[in-house]
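User: Hi, could you walk me through this one slowly? I'm new to reading structures.

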Amino acid sequence: MDAYALSITQASELIAAGELSPVELTESVLARIEYAEPHLNAFVEVTADLAMIAAKAAEVEIAEGGYRGPLHGIPLGVKDLYETAGIRTTSSSKVRADYVPDTDSTVVQKLLGAGMIMVGKTHTHEFALGGVTPTTRNPWHTGHIPGGSSGGSGAAVASGECMVGLGSDTGGSIRMPAALCGTVGLKPTYGLVSRRGVASLSWSLDHVGPLTRTVRDTALVMDAIAGYERSDPASLDLVPQSYTADLDHHAGDDLTGLTVGVPSNFFFDDVDEEVDAAVRAAIGQLEFLGARVVEVTIPMAQYISAAAQLIVRAEAAAYHRRMMRASGDLYTEQVRRGILAGEVVLATDYIDALRMRTLVQREWSAMVIGAGVDVIAAPTCPIPAPPADLGTRTWASGLVEDLGRAVGRYSAPANIMGLPGLSVPVGLSSGGLPIGMQLMGRPFEESTVLRVGQAYEQTKATALPVLAL
Amino acid sequence: MHSNEEKLAVVLEMSGITPPAEDQEAILRAFSTGRELSKLIFSVAQARYEEPALIFSARV
């Protein structure tokens, strides 16, 4: 197997044993980037020279007994919303084409501190305001979108251009590209991972987290990035925990004692038949593994997306207010219009949407506690990756839906309530495109969500292949 | 009663922003859907006195 195709778990064992050097691994990944980029365009900028300098330094450090842990020498792709010291951070926008930060964002700082090797900055839908990432293509079929807004990271991880891709998720932007590109993606609980140094879309809904190729790899990254930081007002000071240790502790266990809720409304409304079948089959596997499966009704479903839309519009317009007036013509048309739509949300409507969020959160909590549910399992997206020219689909309900919007229809609940949401691959459509299952847990119960995700993942004969293009 | 188009023109003027002509239709559409979303949320009396959870800390 080529080194770029290894999981972090596999590569780190080889590195720790002295059987693989960070230089060999980085060279393999950079060669993969050179091969795949003309097809995918996942990166805004590839930092090959810096990566090789860091890889050589890691090699020397490890040889001298300074091994830092399982992320040491592992290649990392950073979504271009994350500030990186001395390296352009454009948010995939002409508005910030020349912005070079002085410092790293907290998550980047932590991962570089753990010894990771940054190989480049990955594309985002401009300022994360969209679920398509039009610059980038899906590695499973380059005529299709990778999803967004962390589409560059999704495409890069799935194709072997890096082993971890950082993402951000305000309305599904980690989980959607994970589902559409066939990777694992975790949106952690609101307040668990610092967002300092990551461009905001909507601060009360923004989350940051990783995309990887296995659930355990996600746990390894979470071990490094979770933690309190005072400069993120949402950050919470909690007792640190090891997600990897929790996973390994349960590695041989089945899911007896856990309850999986399956929604009877909202999440399976207007869903593609193949997505429905793949996710229900995966839920069947969870039951086979010992989980109790119960039906649940999503409370106040019709208000969740309404509240999310108003909050995002208002907060995005506030964030962009000065830039929109100074350089409005530099935004792409779709994003400019999206931001301008927020200029006309009344303050009273914004407050009402926030009040609605509190009510929905209480009702959701009552549903979860009442049914004794540990995780809710549902499709991540209603459809596999649509073609790059998008188009519409007419559902049996009569709904005519733009496919660029359809991919995000199941995302809002986890953002509105700040819940952990993990997308894991559960199969391929007849067109050869990945399908994702979304596992939503109780707040700060990442360990449970990861445990269920890994238990499912281990039922598959082989991991999803790293793709030949 | 003013149309959404007239309301939008007033709000944008107060915001000090003049969108390009080609954006006007899209913004009007977004404004109209935004008003519908707001009405939907406002229709839930139960939400009226919920805590809006704006984050503020007196600790500097």
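Analyst: Let us begin with the interface, where the area buried between chain B and chain A is about 2,900 Å², with carbon and sulfur atoms giving 62% of it; buried area is the accessible area (1.4 Å probe) that two parts lose on being put together, summed over both. This is a predicted model, in which local features need pLDDT of at least 70 and side-chain atom pairs count only at pLDDT 80 or more, while totals for chains, interfaces and linings use all residues. Residues are numbered from 1 along each chain as its sequence is written, chains are lettered from A and ligands numbered from 1 in the order in which they are written, and side-chain values use heavy atoms, with hydrogens and water left out.

User: Which three residues of chain B supply the most of the area it buries against chain A?

Analyst: They are Leu37(B), Ile41(B) and Glu50(B), which supply 20% of the area that chain B buries against chain A, more than any other three residues.

User: And how many salt bridges are there between the chains?

Analyst: There are four between chain B and chain A, where a salt bridge is a side-chain nitrogen of Lys or Arg within 4 Å of a carboxyl oxygen of Asp or Glu. Arg35(B) forms one with Asp349(A), and the closest N and O atoms of that pair are 2.5 Å apart.

User: New topic: how many disulfides are in the whole structure?

Analyst: The search finds zero over all chains, a disulfide being a pair of cysteine sulfur atoms within 2.5 Å. For Cys162(A), the nearest cysteine sulfur is that of Cys181(A), 11 Å away.

User: Why is there no bond for Cys381(A)?

Analyst: Its closest cysteine sulfur, in Cys181(A), is 10 Å away, and therefore too far for a bond.

User: Is Cys381(A) buried or exposed?

Analyst: Cys381(A) counts as buried because its relative accessibility is 3%, and buried means under 20% relative accessible area, exposed over 50%, and partly exposed in between (1.4 Å probe, protein chains only).

User: Last one: where is Ser150(A)?

Analyst: Ser150(A) is in the loop between strand S3 (117–122) and helix H5 (151–159) of chain A, where helices (H or I, at least four residues) and strands (E, at least two) are DSSP runs, numbered from the N terminus. Ser150(A) also counts as buried, because its relative accessibility is 0%.

User: What does the side chain of Ser150(A) pair with in a polar contact of 2.9 Å?

Analyst: That contact joins it to the side chain of Lys79(A); a polar contact is a pair of N or O atoms within 3.5 Å, and within protein one must be able to donate a hydrogen and the other to accept it, while residues adjacent in sequence count only if both atoms are side-chain atoms.
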